Structures are given as C-alpha cells and as structure tokens.
Amino acid sequence: MPYPFNDDHDAIREVARGFLAEWRDGGGLENAAKTGGDLGAWRETTALGWAGVAIDERYGGAGLGLLGRSVLMEEMGYALFSAPYFSSCCVAADYIEAIADEPNKERWLGAIAGGDAIATFTDGRSNIKFDGDQLSGVASCVPDAPHAEHIFVTVEKPAGEICLVVAERDAPGLSIDPLDTMDPTRAAGRVTFEGVDLKPSSILGGGSVAALDSARRRAYSSLAAECAGGARRCLDMTVEYAKERIQFGRPIASFQAVKHRCADMMVRSEGARSAAYLSAGADPDEIEEAAFLAKGYSSDAFFKNAGDAIQLHGGIGFTWDYPLHYYFKRAQANRSQYGSVERAFEELASCIIDGEGAADAG
Amino acid sequence: MLDDPKAVALRRDIGGWMKENLTGRFEEIKWRGGPGDEDAFPELRKDWERHMGEAGWIGIAWPEEHGGRGAGLLEQVAFNEEYARHGGPGRSGHIGETLVAPTLIAFGSPEQQRQFLPGIKAGEIFWCQGYSEPNAGSDLANVKTKARLTEDGAEWILNGQKIWTSNATESDWCFVLARSEEGSVGRNGLVYLLVPLDQSGVEIRPIIQITGTSEFNETFFDNARTDASNIVGAVGDGWKVAMATLGFERGASTLGQQLLFRNELDEIIRRARANGAASDPLIRQRIAKAYAGLEIMRFHAMRMLSDHDDGHLSNEAYVSKLFWASWHRDLGELAMDVVGPIAETKENGEFDRLQRLFLFSRADTIYGGTNQIQRNIIAERALGMPKEPRGNAPS
C-alpha cells in the first residue's frame, strides 16, 4: 500500500470509492444540490461506519485518526459528496474532543460516531453572549445548520474563560434560517439565539485558546484532503473531455497548450495530496505548520484546477448542466473557509519566521 | 518508513565518519561543489573522493560481487541525507558511481567490469556524460556524432560534437552516444561507447555560463579513438543502454538534495530576519510558499520511495522534476528579493551562495528534461494524452 497508509486505510478507501462513484453516477450530486445535502446517502455512509472513522475507539469510533478521515475526505472531495460530514464528524467532533469534559466526550463523540447525531459548530466568542444560563446573539453563517440537530458553540463566560456549550435546534428561542449558498452542495444557515436557556448538562467543558487552535488545525487538514480529491477530479474530467473533444481534426488533448495545462493541474493535485497527507500524519509537534501549509496549498490547488478545468472545457464548462461549476463553487467555499489562502500562508509564515525554530537550526 | 534498521546503522556510521573526516584541509570544501558551484576546488574535491574511496564509501549500492554492499534504497537515502546534513561537498565521482557503474553492471562485459569498476570505487577515475549535442537536446535521438570501426576492427573512430558535458575538463573518461550506422535515424543505429579523454582527438572547451563559471563544456571528437572492446551492449543497442543509464537515478539522492534546498531556504529566512524583509507581508507569503513546497517535495519523495518496487512510475514520481526545478528557480528569485539591492554586488569578486542559486537555478528547468518536455511526459505517460504529430524537418 502506498505511503503513508496501512491496510485499514486502503480498505476504507476502496469501499468509499465504490459507494461514491455509484452515488455520483446515480445523479446524487445534482439531487443534493437542490437541498444542500443528501441526507439519505449520509445515513447509508453512517451505516458503513464513516462517521466515527477518526473518533477514538473508547468513544465508539474506529480510531483511524486524521489519516483515516483524510482518506474519506479525499474520496468525498473527488465525488463532491454532499452531506454534513465535515461539519459534524470533523469540525464539531474535533472541538468536542479538544474542549469537552470526559463524560461529555463519551456522550457526544459516541452519538456522532454512531451517526445518530448531526452536529455543527460555530465559534461564538465574539458574537454570542453567554451569561452562565442563557445564550444570546446571532451566528450569521453556520455550515450545515439547516441539517444539524445540535449546535455546538464556543463562548466566553463573563469571567473570560472559554467554554463549549450545545444548543438543540428545537430549543425555545433558537431559530435557524437557511441561507441561499453560492455552493449549492453545502448548506449553511443563520442561527439566532434569543435567550436560549442552557441546562448545566449542556455546558460541556472549558478550554484554552490553544485547544481551539488545535481543533481548527485538524479541520484544516481534513478540508485539505477534500480539496486534494476535488483537484484530482477536475483534472480527470478535463483529461477525459480533452481526449474526446475534436477540433481542427484532432482531439484537443493532442495540443500542447492543453496538455501542458493538464500537466500543471497534475502537479497541483499531487502536491495537494502530499500536503493533505503530511498534515494528517504529522506528529503533534509538527501539525501546526503542516496544517497551515496544507490548507493554503491544497485549497489554492483545488481552486486553480477548477478554474483551469472550466477554461479547458470551453463553453460547456460554463453551463449549469455540466457539473464542473459545483467543483468551482466548492473550491471557492473551501478556499475562503477559515479565511483566505493568504491567511493560511501568513499563519505558516509566523511559525517559521517569527517562531522559535527551524531557520536557526541550520 | 526511514527507520529501517540497516538504514539507521548506516546513517550512524556515515555521520560519525563525516564528523571525523570532513575536517582539516577538507574543511574548505564543506557545503561547496554543489549545482552552480561544481567547478569549485576541483583538486581538493578529487582528494576527498579518494579519501571516501579508501574508507569504502563509494559504490555502497552496488551488488556485493562487484565490490559494493548491496545497500537498499532506504540505506542509500540515509547515506545521502546524512552526507548532505554534514555539508558533504558535491561529489565529483557521482557520474561514475551512480550512472556508469550500474550501466556496466547491467550491460557491461566481465572484462569491462574488471577494468572500470575499481577505479570508480577508489575515487580515482572520473567520468562525464556525452549525450547532448547542439542539435540533439530535448530531441536526444537526433544525435549525429559518428562512430565507425577501423578496418581491422581494433578501434572505434569518433567524429562530432557533444555539448553540456558536465565537468569534462576534470574527467578521465566519457560515455558517448554515437551513430554507427550510416544513414540511420532516430533511436536506431546507435552505439554506447566508453572514450578516454586524454588523447589528441578530443578537445574540450569550457562554456562560460550565466554564473561566470564553467561546469559545462563542449567536447569535440576529431578522429578520437577508443578500443573496439569499449562498447557497452551490442552495435545498435546504444539507445537502450543510454536510456537505462538515465533510469539508474532512482531518487536515492532526492532527500539529500532537499537538505541542500532546506539549507538555502534557512539562509534566506535568516537574511530576511536580519534585514527586515521578514516583515514585508508579500515576502512572508513567498517564504511560506517556499516552505510549503519543500515539505511537499519531501513527502513526494517518501511516497515515491515507498512504492519504488512495483515497476511503474507513480504519479508523484512523474511530477517531481517539474515540481522541484520550478520551486528551486522561484527560490532563487525570492533570495534576490529578500537580499535587496545589495544582491546586485559581488563581494571579493565572487558570487555568493544566494547569487549562485539565483543564476544557476535557471538551468534547473532546462537540464534533465526541460519543464516543457516534463509537461509532455506527464501529459502523455501519466495522463495518457495523445502525442503531438512529429515533424520531419532535417536538423
């Protein structure tokens, strides 16, 4: 099996590829784009054990770590699978793992791993007020909020400590307004908290800024894996099309102007892959830099490949009926999620230029 | 993956040896003689090769029956990485060790192996490569250098010109791809000959490069001679043998090369901190991207090395030349922008390391398959896109 994966990783990759190819060929993407997510297919994947792939075995997951999750995210990116996987099984799970107390981890990670719970997360430290009993404020754009049953929020208590709380979608005072997203394959919603009462059991634990950062870096890594898959799919679609499309009496794939651009797309998609894998397999003390570079490089690679794919398809790539625009829109959504490509590279720069370290060692 | 026990042991051995031996008079060549600097200290670097040869460090990858240790790929990686980590000088003997020797082991006669391998292993005989010609660069099969056997069949006589022969002035022998069949074209009718350079029929003219230095040369054959026995493979097999030679470079030195790159990037970061460029947001972006590219290359190499035995090139292997060459060229540009206007001036009449990086990296995207040829290879072989129709204009 190719580095850095083991037999377990290869096995889930094979199952994922088969399932997702069938989903895609069966019009899954087009259907999901109408609703911002295919919850039927999502339930099937939870039956396959995908939801808990990275969650520790003691909480009912498969314990395959970030690398295992990156396999699924890469394959989902390739098919542009449209389900609340990233929001629930990656982001929400990571913040619970990083901040919640042990009994709450057991409860919530178990629920997410089993696929019974669909969760989402928003960082409410600057916009959601928590007085110890009630939540108030507006989170203007929460990924997959229209599908989520449980909204996890980080808030600052009046004394300044950070804590993680959870609100149920049907709680009195909580409302979710679905947003019309540019990327129709991923839902988002505005979540308004108007004095939402929290029971003590909904306050899950306290944590530091460092814990929040570590959860965010894990999300970067998985998002990078999705980008790597998407970048490769844009290349594959383009090569396939260029081999079939005849102009000037030749397949356009025989023109160097087309070939060289495809070669550059391959350089980017392989680079995105390596970046995503290296961040998913990094040691805890290396993951900081690795996650920043993965987010920066891979989301940029996906976007550029999606743009090149449209260009090389010519007019057809510009139409709604042809699926490329979904990739282009997802690529932009991923690029701007958590800030720009430049932000990720600036985060990396501050590690390697301003941080203790690397450059002094040489 | 790199913690293979044999590799760990070898890493320890070479590391200890380098620490003890790259000292005294060899101190001067630490970190020297790499790409763009290959004409630095030629004699001292040859002494260093002999020194390595005496210690048994040359040819570790060769099979034991040919005097090597049969070191596997991971051991070779460990060796190269550790060698580079200690500032080991650019290897004057690498063409002989990594290209000629494996070719002779695969295709040479027992007599050729006995004649040539010991000199390479001892670090005493140096080789260069005679492939490219003025009209056979990217289109290598267009070689025109003529080889014909004398009537008594005792010697080959060569006429023609090779170009970009690296370090020819410092070499004793050259392996030459030449056309032995009158009127043949392309890959047919070629021979692979071993030619001694110290003879009146060979003239070597250094090419002064963009760097002001000359590791590249033009090599002229004017009735140059070599013994009839100095053909590798049969008459007509030249193309096959020449391609096999190129295939022996399987990436073992990649991680060593990356350590040099890392060292260059570290120096750029140090300079940027020192002169304030590190607070320029655009420079910071470029430094971060350079760092990302280097980490990606390292990971590509690990992926590549892990599946090296399944017989076909992997995706990351196809893209690696284009990736590193473009990356390194960008690094040279970044270096100049970091250093600023002072980079326009020489100290002590010589270019410094970053100036050499800037200038020499323009060659990285040309030699060993230009970026354009690399893109063709990726498109045609990795992506299965059709070849462009070939022209038939005489050249």
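Q: Two residues are in contact if their C-beta atoms, placed from the backbone, lie within 7 Å; with that in mind, which elements do the buried residues of H10(B) pack against?

A: The buried residues of H10(B) pack against H7 and helix H9 (315-339) of chain B. This is a predicted model, in which local features need pLDDT of at least 70 and side-chain atom pairs count only at pLDDT 80 or more, while totals for chains, interfaces and linings use all residues. Residues are numbered from 1 along each chain as its sequence is written, and chains are lettered from A and ligands numbered from 1 in the order in which they are written.

Q: What makes H10(B) "mostly covered"?

A: A residue is buried if 20 or more other C-beta atoms lie within 10 Å of its own, exposed if 12 or fewer, and partly exposed in between. Nine of the twelve residues of H10(B) are buried, among them B:Leu354, B:Leu357, B:Phe358 and B:Phe360, but also B:Arg356 and B:Asp364.

Q: How do you know that the lengths of H10(B) and H7(B) agree with expectation?

A: Helices (H or I, at least four residues) and strands (E, at least two) are DSSP runs, numbered from the N terminus, and the expected span of a helix is 1.5 Å times one less than its number of residues. H10(B), residues 353-364, reaches 16 Å from its first C-alpha to its last, close to the 16 Å expected for its twelve residues. H7(B), residues 254-275, has 22 residues and reaches 32 Å, close to the 32 Å expected. The buried residues of H7(B) include B:Leu255, B:Leu259, B:Phe261 and B:Ile268, together with B:Arg262 and B:Glu264. After H7(B) comes B:Gly276, whose phi is positive, near 90°.

Q: Why does the span of H6(A) agree with what its residues should give?

A: The 13 residues of H6(A), residues 102-114, should span 18 Å at 1.5 Å a residue, and the end C-alpha atoms are indeed 18 Å apart, so the two values agree. A:Trp108, A:Leu109 and A:Ile112 are among the buried residues of H6(A), and what covers the buried residues includes H5 and E1 of chain A. Just after H6(A), A:Gly115 has a positive phi of about 85°.

Q: Why is chain A called as compact as a globular protein of its length?

A: Chain A contains twelve helices and ten strands. Its radius of gyration (over C-alpha atoms) is 21 Å, close to the 21 Å that the globule rule gives for 362 residues, so chain A is as compact as a globular protein of that length; the rule is 2.2 Å times the number of residues to the power 0.38. The C-alpha trace spans about 70 × 55 × 35 Å along its principal axes, and buried residues make up 56% of the 362 residues. Of the contacts in chain A between residues at least 6 apart in sequence, 74% join residues at least 24 apart.

Q: What makes E2 and E6 of chain A edge strands?

A: Two strands pair if DSSP finds at least two bridges between them. The order of this open sheet of four strands is E2-E3-E7-E6 (chain A), with antiparallel pairing, and E2 (128-130) and E6 (174-178) each pair on one side only, which is what edge strands do here. E2(A) and E3(A), residues 134-143, are joined by three bridges in the antiparallel sense, with A:Ile128 opposite A:Gly137.

Q: What is the pairing in the sheet E1-E4-E5-E8 of chain A, and which element lies across E1, E4, E5 and E8?

A: This open sheet has mixed pairing. Its edge strands are E1 (119-123) and E8 (203-207), and its neighbouring strands are turned by 25° against each other on average, direction ignored. Within the sheet, E4(A) and E5(A) pair in the antiparallel sense over seven bridges, with A:Thr154 opposite A:Leu164. Helix H5 (residues 85-99) of chain A lies across the four strands, at about 60° to E1(A); axes are lines fitted to C-alpha atoms, for helices over the stretch in contact, and angles run from 0 to 180 degrees between N-to-C directions.

Q: How many bridges join E3(B) to E7(B)?

A: Nine bridges join E3(B), residues 155-163, to E7(B), residues 217-227, and the two strands run antiparallel. B:Ile163 has B:Glu218 as its bridge partner. E6(B), residues 202-206, also pairs with E7(B), over five antiparallel bridges, with B:Pro206 opposite B:Asn217.

Q: How many residues of chain A are in contact with chain B, and which element gives the largest share?

A: 33 residues of chain A are in contact with 37 residues of chain B. The largest share of the chain A side, 13 residues, comes from H8(A).
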